[in-house]
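Q: Could you zoom in on one packing contact in this model and talk me through it? I'd also like to hear about a few other spots while you're at it.

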Amino acid sequence: MTALIALAASLAAAPVMANETTSQEDTASVSKTAPISPPKAEKRDYSYTRHGITIEDPYFWLKDQSYPKVDDEDVLDYVKAENAWFEAAMAPRKDFVESLFEEMKGRIKEDDSSVPQKDGDWIYWTEFEEGKEYRKWYRKPAAGEGEPSLILDENALAEGKDYFRLGAFSVSDNGRFLAYSTDDNGSERYTARIKDLETGELLEDVIPETLSGLTWVAGDSMIAYGKANENWRVDNVRLHRIGSDVADDVEIFREEDEGFRVGAGLSAQEDWLVIATGDNETSEVRLVRADDPTGEQILIKAREKGVEYDVDVRDGTLYIHTNDDHINFRLATASIDAPGEWETLIAGSDEFYLQGFELFKDFYVTEGRLDGLDQVQLRSYDDSADITPIAFPEASYVAGLSNNPEYDVSKLRLTYESMVTPDSVYDYDVTNGSLELLKQQEIPSGYDASLYTTERLTITARDGTQVPVSVLMRKDRPAGAGPLHLYAYGAYGYAVPPGFSTTRLSLVDRGMAYAIAHIRGGDDLGRRWYLQGKLNERWNTFNDFVDVAKGLIDKGYTEKGKITASGGSAGGELMGVIVNTDPDLWGAVVSHVPFVDVLNTMQDESLPLTPGEWPEWGNPITSKQSFGYILSYSPYDQVIAQDYPPMLVTAGLNDPRVTYWEPAKWVAKLRDTKTDDNVLLLKTNMGAGHGGKSGRFASLYETAEEFAFILWQLGLVEE
């Protein structure tokens, strides 16, 4: 069973979290002679006028005009010079980085495996081998004593490549074929292939330029997928018949709105292909028979601006999760014969935020959040008021459905963790309500949860809003204001989970507290919490973060200058704003692939994400008000002559979400404008994208660099 399609959220710019497991070698372009001073980018006259406002942009030239190809020698020379300066600045701390890396690596079980899960006639699982960067995928027959077989080896696919990422992974219903896609440079330009699992051979079918799932239909004779257009947006669903020429693939749906993205997947009983299209605030769904995907499509309900919905089907009844009459969503039903006539099954609630649902043969499950805490609830088809909530043991935690591929089940696979409890996999017995722990993340170097404490507190923002904060620290942390690291994201309705992190321990075990600010812009406290941090309320996000920092100081957790901060992507934008507004608060700031050239990016319709992002940020092309509001916070545009804290900035040359020139331009302007001598470093991954280096150890090394930078700036480096 394929999970329901939540298209708008999945196609938004993805949050970049603090890496758990980014490389030792990204310095091939660094000059042989270490520089003795940071590079200074040339300023070139460039300006534009819109809505009567003229914007000077002297570093516009850092955007290679042949992008996505980056071959301008001036641009590359500057990026390489920044990398060389990063290496020179970090060289005296190389031993400390290596020490941190080995410490973090010691917490990873190298020969690890996932919990096997049955799907049809087979049981599937993955394994890591000691010293290997990537997974191996295995299966064995569900019946009898058949031997395990290796069906895909990511390590072999990644051999000789600086970057590798597995995208879609889909086994045909009959178990014979595996369709998968890979990206080998971080640009998110995937190529799909098909493997015959009986012979082990690759078919001649190769589907380039995919950016979607791969869904088996028509009795396993076809794959439904989405092909990226020239602006690298998926605006279609196509069918590829196995063994045919890709040029003969048939398009069964095309979206005309350039801001919408398209995706497809199977319904719970796998009898319908669900085609969804949408942006960050509006959606529209169609159904077509999975056994006749070129047949007549059923439109569930025509799009209405601001109305989001997703759909699943059970025995001719539609289940619709929608925000049409309540901000926190309701669950409705309809007959497939009258798909637009929706009747409420579960009403929207101010208290319970209904995030989604999943259908099974004898029951269905709703997932959501109550008072900011994850909820998993079993419900009866016969009585919507018959609710069985699954209870979890801690006051603050992260929990939800995991991999449940079958429709007819008596046990549900769940995941659970907290800031002190490692990632845990459970089976929940639907009949008797018991939880069986199948696996808990192993930490080979040792971990004693009793040494740590976690707290959830609220801090009053400047407008009176109570902002939740999750804090982790050792119980033996010295009393009084000590060093503290503050993390947040704050966009797209993504709630940063108060989950477990092995890397985080390298800060906490050195006396730091680690805090997550659940600021507006995420949906931690419901959909309204998200809406209060987008568009013309975006300043709430930035103010919340600063106010949380000040509140933690007032409560005695830390003090000015001892608090460090980090965020990535839209969270990197957050970092850009808070160093402009409150530079003296921070002992150090790390900004990963930061979305800091907001005004320019939101006017560049050629970029893959821009049209679909206007509902999130506003359209400065058509709206003078949006232009002015974005300008008021856009970090690159708001750099001023003042002292800034020590900063580490990262980028990916192939990043299609936050293009490399955003952090490059920002750092160049900061170098020219700031009035302090604090360290400012820019590291650009020359062969990676939005998520940094691939591979569990390569990515881990970049986390070690980040933490070494933070501890260095706080004076906590171990010599």
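A: One bit of vocabulary before the contact itself: a helix axis here is a line fitted to the C-alpha atoms over the stretch in contact, and the angle between two axes runs from 0 to 180 degrees between their N-to-C directions. Keep in mind, too, that this is a predicted model.

Let's start with helix 2, residues 73-90, and helix 12, residues 661-673. Their axes are 11 Å apart and make an angle of about 65°. Angles of 65 to 115 count as roughly perpendicular, so that is how helix 2 and helix 12 sit relative to each other. The handedness of this crossing is left-handed. Which side chains do the meeting? From helix 2 you get Y78, E82 and W85, and across from them in helix 12 are A664, V667, A668 and R671. Sort this contact by class and you find five nonpolar residues and two charged ones, with no polar residue.

Just step back along the chain from helix 2 and there's a backbone oddity to look at. P68 is in the loop that runs between strand 2 (53-56) and helix 2. The peptide bond joining Y67 to P68 is cis, with omega at about 15°. Most peptide bonds are trans, and most residues other than glycine have a negative phi. E209 goes against the phi half of that: its phi is positive, about 60°, although E209 is not a glycine. You'll find E209 in strand 10, which covers residues 202-210.

Now put a second helix pair beside the one you asked about. Helix 3 (residues 94-105) packs on helix 13 (residues 696-713) at an angle of about 125°, with 8 Å between the axes. That angle makes helix 3 oblique to helix 13. The crossing of this pair is right-handed. On the helix 3 side, the contact includes F96, V97, L100, F101 and M104, and among their partners in helix 13 are F697, L700, Y701, F707 and L711. By class, the contact of helix 3 with helix 13 has 12 nonpolar residues, one polar and four charged.

A third pair is helix 7 (residues 539-554) with helix 8 (residues 570-581), packed at about 65° with axes 10 Å apart. Helix 7 and helix 8 are therefore roughly perpendicular, and their crossing is right-handed. W539, T541, F542, F545 and V546 of helix 7 meet E573, L574, M575, V577, I578 and T581 of helix 8. That contact divides into eight nonpolar residues, two polar and one charged.

Last stop: empty space. The second largest cavity has a volume of about 120 Å³. Its lining is made up of 16 residues, and F595, T601, M602, L609 and R657 are the ones nearest the centre. Which helix gives the most to that lining? Helix 10, residues 610-617, does, with three residues. Split by class, the lining of the second largest cavity comes to 10 nonpolar, three polar and three charged residues.

Terms used. Residues are numbered from 1 along each chain as its sequence is written. This is a predicted model: local features need pLDDT of at least 70, side-chain atom pairs count only at pLDDT 80 or more; totals for chains, interfaces and linings use all residues. Side-chain values use heavy atoms; hydrogens and water are left out. Helices (H or I, at least four residues) and strands (E, at least two) are DSSP runs, numbered from the N terminus. Angles under 35 degrees count as roughly parallel, over 145 as roughly antiparallel, 65 to 115 as roughly perpendicular and the rest as oblique. A crossing is left-handed if the near helix is turned anticlockwise from the far one by less than a right angle, and right-handed if clockwise. Contact means heavy atoms within 4.5 Å. Ala, Val, Leu, Ile, Met, Phe, Trp, Tyr, Cys and Pro count as nonpolar, Asp, Glu, Lys and Arg as charged, and the others, Gly among them, as polar. On a 1 Å grid over the protein atoms alone, a cavity is a set of points where a 1.4 Å probe fits but cannot get out, and a pocket is an open set with protein on both sides within 12 Å along at least five of seven lines; lining residues have an atom within 4 Å of a point. Grid points are joined across faces, edges and corners, and a volume is the space filled by probe spheres set on the points.
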